[in-house]
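Visitor: Please take one part of this model and go through it closely. I would like to hear about the interior, meaning the empty space and the packing.

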Amino acid sequence: MMTTNSPQYDAAEVARAWPRNENGELMVGSMPLSQAVGRAGGTPCYLYDRAAIERRVAYLRALLGNRIDLHYAIKANPMPALVCHLSRLVDGFDVASGQELGVALDAGMAVADISFAGPGKQEAELMRGLAAGILFNVESLRELQALATMSEATGYAARVALRVNLPFEAKSSSMKMSGGPRQFGIDAEQVPAVLKELAAMELRFEGFHLFAGSQNLKAQPLIEAQSLSYGLVMSWADLLPRTPRILNMGGGFGIPYAPNDKALDLVPVTDHLNALSEKLARDMPGARMAIELGRYLVGEAGLYVSRVIERKVSRGQTFLIVDGGMHQHLAASGNFGQVIRRNYPVSMGCLRKEQETVNVVGPLCTPLDLLADGVEMDRATAGDLFVVFQSGAYGRSASPRDFLGHPDVREALI
Ligand SMILES: *Cc1c(COP(=O)(O)O)cnc(C)c1O
């Protein structure tokens, strides 16, 4: 992970810059790749580098003032051991299902610092969160009313923040989650009326959740979204039942996946957030600002590793058929919401004298099972390890693992 020294690197540099030992073999933490794979129990596997996650958090901490809390969005990678590791590094967790809530609680994060977002929260999820005492990022009046009813019945006042469907979108986010009609959050226009209802309910109002979009590599749209979000909250200042405890400003910090994707220049974004948090200390004393990041914290710390089963030449093109594929890494195959399929950064585990251009495919009986399309790599033979970088987020949990009935993928935190 090259975060600290070259903030504007290109995705194409990722594979070249990853550390290798004197034999040219990729390193994972302090271990050669083949040893790390052995430790994981074999291929295919996801390997997550603990130290790389620590470095990423330290880099963010150095840029974020101490007025801003750093949360991890578990959706990006819910592996329990990884979540446990992060519980000691970040200030809070954001969950988006009852199961993720269980992982967050088991990892030992303080309930005060766990929040639960997501549309259509079900009765059992609301009950579970209420019993635990976590903060709900409420997405509709229906959720608010259900929580009020449960709070009355149990005698515990649910902690609630309003998730707002912002009246703008974060331009350049590849997944837009606000602006226009959305299933997420409460439309900003309806927030004043909802605040009025909330004031009459037995609920503990704690703030706002303002998430504009995901996978953004441009600083300026992120800064604009933060400014607009902040202004919106301030426009409601006189309607609030109490001073908010938290303004969750979202995140959306992207990482470079495809050739020509340039890493986000974080400094202007954090400078702006720091300025806003200073302003918040004056405008709403007692309120804290938080950001919630998923892939930015863990995406670059993960490798997806498979083994070449067969080299096959078909009408002049070379195919490496590996033991992993789209059923375990849907995003790398280009089928996880991407409009255009572009290769992730990839390489062979070991360097060889010769290079060649190949297609890397998995064992599934579908042409969608493509991990790399026409890439130049070190010449591979059966048994060699093939690596997909930038694979620490939206990997195993975001893939259709039952498709074609192959065994599940292993995971290890190294
Ligand atoms: C998905 C999601 C995140 C994490 O997004 P990343 O792009 O992984 O940072 C954060 N917050 C909410 C509300 C989300 O839905």
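Guide: What follows covers the cavities, then the nonpolar cores, then one helix. This is a predicted model, in which local features need pLDDT of at least 70, side-chain atom pairs count only at pLDDT 80 or more, and totals for chains, interfaces and linings use all residues. Residues are numbered from 1 along each chain as its sequence is written, and side-chain values use heavy atoms, with hydrogens and water left out.

Rolling a probe the size of a water molecule over the atoms shows where empty space is left. A cavity is a set of points, on a 1 Å grid over the protein atoms alone, where a 1.4 Å probe fits but cannot get out; its lining residues have an atom within 4 Å of a point. Points are joined across faces, edges and corners, and a volume is the space filled by probe spheres set on them. The structure has 3 cavities of 30 Å³ or more, and the largest has a volume of about 100 Å³. Its lining consists of 15 residues, with Ala212, Leu222, Ala225, Met249 and Gly251 nearest the centre. Two or more lining residues come from each of helix H9 (219–235) and strand E13 (246–251); helices (H or I, at least four residues) and strands (E, at least two) are DSSP runs, numbered from the N terminus. H9 gives the most, 4 residues.

A nonpolar core is a set of buried Ala, Val, Leu, Ile, Met, Phe, Trp, Tyr and Cys residues joined through side-chain atoms within 4.5 Å, where buried means under 20% relative accessible area (1.4 Å probe, protein chains only). The largest core has 109 residues, of which Tyr72, Phe93, Leu162, Phe208, Phe253 and Phe386 touch the most other members. H9 is again the element that gives the most, here 8 residues. A second, separate core of 21 residues includes Leu385, Val387, Phe389 and Ala412. Leaving out residues up to four places away in sequence, the contacts of Phe386 (heavy atoms within 4.5 Å) include Tyr304, Val322, Val346, Met348, Val360, Leu371 and Met377.

Helix H2 (residues 33–40) has Leu33, Ala36, Val37 and Ala40 buried. These four lie on the same side of H2, because they cover an arc of only 100 degrees around the axis, taken from the directions from the helix axis to the C-beta atoms. Among the elements covering them are strands E3 (45–48), E15 (302–314) and E20 (385–388). Just after H2, Gly41 has a positive phi of about 100 degrees.

Key
On a 1 Å grid over the protein atoms alone, a cavity is a set of points where a 1.4 Å probe fits but cannot get out, and a pocket is an open set with protein on both sides within 12 Å along at least five of seven lines; lining residues have an atom within 4 Å of a point. Buried means under 20% relative accessible area, exposed over 50%, partly exposed in between (1.4 Å probe, protein chains only).
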